[in-house]
Structure formats: structure tokens, C-alpha cells
Amino acid sequence: MSTKTYTAEQVSQHNTRDDLWIIYNEKVYDVTQYLDEHPGGEEVILDCAGQDATDAFDDIGHSEDAHQNLKALYIGDLIGGVPKKTKSASAGGNSTDANSNLFLALALVVAILDFYTISNNKVLQTCAYVSNAESGIARWFRMRDPYIKVNLVRSDNLFADVDVYTLIMGGPDMNKISIGFNPYYKVCDEFALNDKYCEHESDESNSKKLSLVELIDSGGYKFPIESFMLNTKKETDHIYTLDRSGIYCAMFLTSNIPDTVEDIAVEVEWVQSYGNLLVSDFKRLFSTVVFTFAYIGVAIVLSFLTYRKINLNENTSITINNLKFQKFTLQYKFILFFWAYGILYLSTSVHYILLNKYDYTTDSLIIFFTNVLDLALSTIVSVWTIYNLMLFSAGSWIHVDITNTNKKSHNLQVKTAKIIAVVLVIQMLIYDMEESTIHSLIGNVPKDWLSTCIYIEYFLIYILTLTWAVITWTKIQEKKLKTIYLITTALLGILFAIIILGVRLFNHTAQTASIAYTVEFIFTVVVAFLWHNVIFENNTLVLK
């Protein structure tokens, strides 16, 4: 399929709230659907509708996540080039201000070091979570006291003497005050965004808030408050120290940028106590460590219980053959599952721990190899799980009514499951190499033809396994086993639906991912213990 092309004139016509395009690196992006999700407010995007924002985006510098966010909005290439811009003489500053903040917001403050372009009389407010690692697993990684550092980005060509009023305080306290201007730009990380710090309010509502002096006089603040002036002629960094975790905000306002000055940028560094990870990735590290212990713990418990059961039934030492080919096939599968996921979460934890030590820009080969190992294990374990779910739904574990009359049909189901598993492994390994992560499959709308193909296959597998499961359920005669199978099918069906439909319904944040992993763990533990007392005797399932 050929790539669509557009001229700059065509792009400029898409400049309304209901139809909004932008240009970056001679590629065209449709950001219409992003307006409601934009943490900086829709005004910022509307200001750059139909324009080229390449210089603003590249001057600031962004992480790979920001580029991936743009990739999802791509609709075609630009032909004929971009007309040269003329500087705006409006009181609001130049047109690149809006573009800069647009792409900063698209990145959702994913960088540890952030840059913001500021304009005359337009308040910029940025909020992010800063951790002091006070408790739990976070203490294991504590390296330093957290702080927020701000300064102006100085240029050799900047000779103007510009003051920027700066205010830093706790997020809950900043929501109580007004400094005379309603924030025009609001940029948040995912935690501040979830707590609604980036929702724009009316001027009337903002004017009813306390002034900073009134808040201080009332004593109704919980976090340290610091207000000061940054100046383009003074090369001084300001450090805001903090002693507890929470959402913190910085606010910037200036009114004396000359018309002859292209732009002024402020730099904010959010320094976490635990190391070099982004907060969202540290939350993922916390989750992966917890689930490593959880899955390995359950695997040990199941191994012990199964060992006892084998000794009681066989009076023999435990072997793989005892588990795999005799009475305890189901227990063998579940033990394997929990050990596999425990090792997978351990691999992910090691990768995040090393990233926390070396940071994202390191050239260390160990980061590359741990990332490859993590992705490969994730793909193999995921596909192995899907393959066994298909066998389970087809009745292969249960040996239900597999007579000569339906043996061909059953063999066809098994072959189908094997073919699907092989195809999925190949596709997902390719996807891993291209995208360096498979998380977008369960957290974002599919971005390219390969991920779309995998997504469609997942949906078809879901329908197929449910169909097979219903057929298998009708063939089970024993009432208790029939009930166990029905409950298991319902739980796994819900879990699989969360994975499949989550692509459309949920954002892939550390918090939503943690919830999804918790649901997955609880469901699988319930299913494992539902089947723990079911064994094979005379090629038939028996509940004991």
C-alpha cells in the first residue's frame, strides 16, 4: 500500500478542533483524537494547528517514548517542503512556544531532565512525582536525597536581561493558589495526570483561589514553598530540597521577553532518591520484584504439595516422568507456569535494576543483553501460556471423550494450536527487535501492521479457545469437575479479555499495568488450586 502524501497548504487547512494536523520532519500527523488526552490543554495544540514543529521538537530533545507517541499519530508524508516561518509579533510570544509545549506534553514528562519554552504573560505549570524512597522495597535502592533543580537554558546569542518568576511547592498546595494568571500550559507526568493536576479550570474559578501570601499567612500548606527570580544574566541553579515523596509542581511566569528574542527555555531536573530510572519505570521495578517473590513463592508451595501427593500415592521419589506422563500432569503444568513467570519477572527486575544503575543513555552491553533476554523470555513464556490455554480448551489435558470417532478432530485442534504458537513466536520476536518492547500490545492502540496483525490474531485465538472450551465442557460428565472447568474457563476468559480489550480501553501506565498483573496473579493462583486435587486415573480425570 502506497504512503499518502500532502502539501503544506493541505496540512494548513486542517487547523480546527475537530480536524487538526501538524508536521514534523516532513511527516504529517493527525492529533485530533489527542486533544482530550493532552495534559497541556487543548489550547496548546490548537495554537500549532496546521504548522511545522520540527525545530521546536528537536531543539528541546526528547526520549524514544516521545517519538513512539508521534508514530502512533502518523498519517502520511509531506511533499513540496515547508514554507519558511515568520516571527510572530504578538504579545503571546512566538509560534514555537506552543509547538514546544505540545511535544513536551506528548512525551508526558518522560525524561528525567525536562526543557520548557516560555512566553510572555503565559504561566507554565509542570508537575511530577518525586520519590524519597521512604518505605518497603524502595529503601533497597535509595542512593541520595531527592531534589528539584531549575535554571534557565542560556544561549551565547541571548543578550537580553529577562527575569522569570519561579514558584516551587507541593502539588496539593499549588492547587490552592492563584498568582494572578491562570496557567496557560500544564505538563504532567502520568502520576500527576492521574490525580488531575493538568485539568484546566476557568479564569473565574482560578480567581477565587488564595494568593500565595494568603496561603502562607493561613498556614494551610504541607510542603516547603520557595519563590524566586531566575535571570538570564545570572548563571545560578536553584535547588529545591524535599523530605517526603509526593507530587511537586513548578510554575514559571515572565513578561519582559523582548520581541527580538527568539525564545527562552527553562530546565527542570527531577532528581529521584533511588537512582536513574523514571518514576513510572521505578514503579514497574517495584511491581516486578513483588511478583518475582509472589510467583516463585506459589511455585515452591505447589511443588511441595505435589511432592507430598506423589509420595502418598506412589511411595516413590519425585521425577519428571511422575509429573509429566502419569497422574500429575495438571500439577506439572501449573508448577512450570509459576516457575516460568517467576523467572520472567526476575529477568525484568534485573534489567530495571541495571537501568537504574547505568541510566538510559549508557552504552553498556549488559543493558542490551538483559533487554534482549527479557523480551525473548516474555515472548516465549507468553506464547507457551497461550498454547497451553488452547490445549486446555480443546480438552487435551482432560482426555475427555477422545475416541476413534473424534480423534481426528482433536488432532486437528492440537496441530492448529502448534501452528498458531509457532507463528506467534516468530511474529513477536520480530516485533521485539523492531520496537524493543512488546508492552504496546497490551497498553496502546496497535501502531503498525505487525502489531495490528498480532492483535487480530489474539482476538481470533480468544474466540477460538472460548468455542473449544464450551464444547469440552459439554463432554464432562462428573458434576464437580464440570463446575471446576466452568469456573476456570470463566476466569481465564475474563483474564484474556482484559489483555485483548485493554488495548482499546486502558492506557499503559505503571499503575494500570500493576493492576493488570495483580488480577492475572490472583486468577492463576485460584485456577491452580482449583485443579490441585484433580489427577488422572485410567486415562480419566478424578477429583480427590
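**Exercise 1. Which residue in β12 does Val150 stand opposite?**

Let's work it out in this predicted model.

Step 1. Start with the strand pair: β8, which covers residues 147-153, is joined to β12 by four bridges.
Step 2. Check the direction: β8 and β12 run antiparallel.
Step 3. Look across from Val150, and you find His238 in β12.

**Exercise 2. Find the order of the strands in the open sheet of four, and explain why β6 and β12 each have one side without a neighbour in the sheet.**

Step 1. Recall a general idea: strands of a sheet pair through backbone hydrogen bonds, either parallel or antiparallel.
Step 2. Read off the order, which is β6-β14-β8-β12, with antiparallel pairing.
Step 3. Now look at the edges: β6 (113-118) and β12 (238-241) stand there, each with a single partner strand, so one side of each has no neighbour in the sheet.
Step 4. Add the twist, which averages 20° from one strand to the next.

**Exercise 3. How many disulfides does a search of the whole structure find, and which cysteines form them?**

Step 1. The search of the whole structure gives two disulfides.
Step 2. One is formed by Cys127 and Cys249, with sulfur atoms 2.0 Å apart. This pair links distant parts of the chain: Cys127 belongs to strand β7 (residues 124-130) and Cys249 to strand β13 (residues 246-253), 122 residues apart.
Step 3. The other is formed by Cys188 and Cys198, whose sulfur atoms are 2.1 Å apart. Here Cys188 sits in strand β10 (residues 185-188), while Cys198 is in the loop between α7 (190-194) and α8 (203-207), 10 residues apart.
Step 4. Number the bonded cysteines in sequence order, and the pairing comes out as 1-4, 2-3.

**Exercise 4. Is the link of Cys127 and Cys249 right-handed or left-handed, and are its cysteines buried or exposed?**

Step 1. The angle about the S-S bond is 110°, and the link is right-handed.
Step 2. Both Cys127 and Cys249 are buried.
Step 3. Try the other pair: the link of Cys188 and Cys198 is right-handed, with 105° about the S-S bond, and both cysteines are buried.

**Exercise 5. Why is Cys453 classed as partly exposed?**

Step 1. Take the relative accessible area of Cys453, which is 26%.
Step 2. Compare with the cut-offs: buried means under 20%, exposed means over 50%, and partly exposed lies in between.
Step 3. Cys453 is therefore partly exposed.

**Exercise 6. What percentage of residues 449-471 is helix?**

Step 1. An unreviewed UniProt entry lists this span among its transmembrane regions.
Step 2. The span is 100% helix and 0% strand, with its end C-alpha atoms 33 Å apart.

How values were computed:
Residues are numbered from 1 along each chain as its sequence is written. This is a predicted model: local features need pLDDT of at least 70, side-chain atom pairs count only at pLDDT 80 or more; totals for chains, interfaces and linings use all residues. Side-chain values use heavy atoms; hydrogens and water are left out. A disulfide is a pair of cysteine sulfur atoms within 2.5 Å. Helices (H or I, at least four residues) and strands (E, at least two) are DSSP runs, numbered from the N terminus. Buried means under 20% relative accessible area, exposed over 50%, partly exposed in between (1.4 Å probe, protein chains only). UniProt positions are given in the numbering used here, feature names are shortened, and annotations may be inferred rather than shown by experiment. Two strands pair if DSSP finds at least two bridges between them. Axes are lines fitted to C-alpha atoms, for helices over the stretch in contact, and angles run from 0 to 180 degrees between N-to-C directions.
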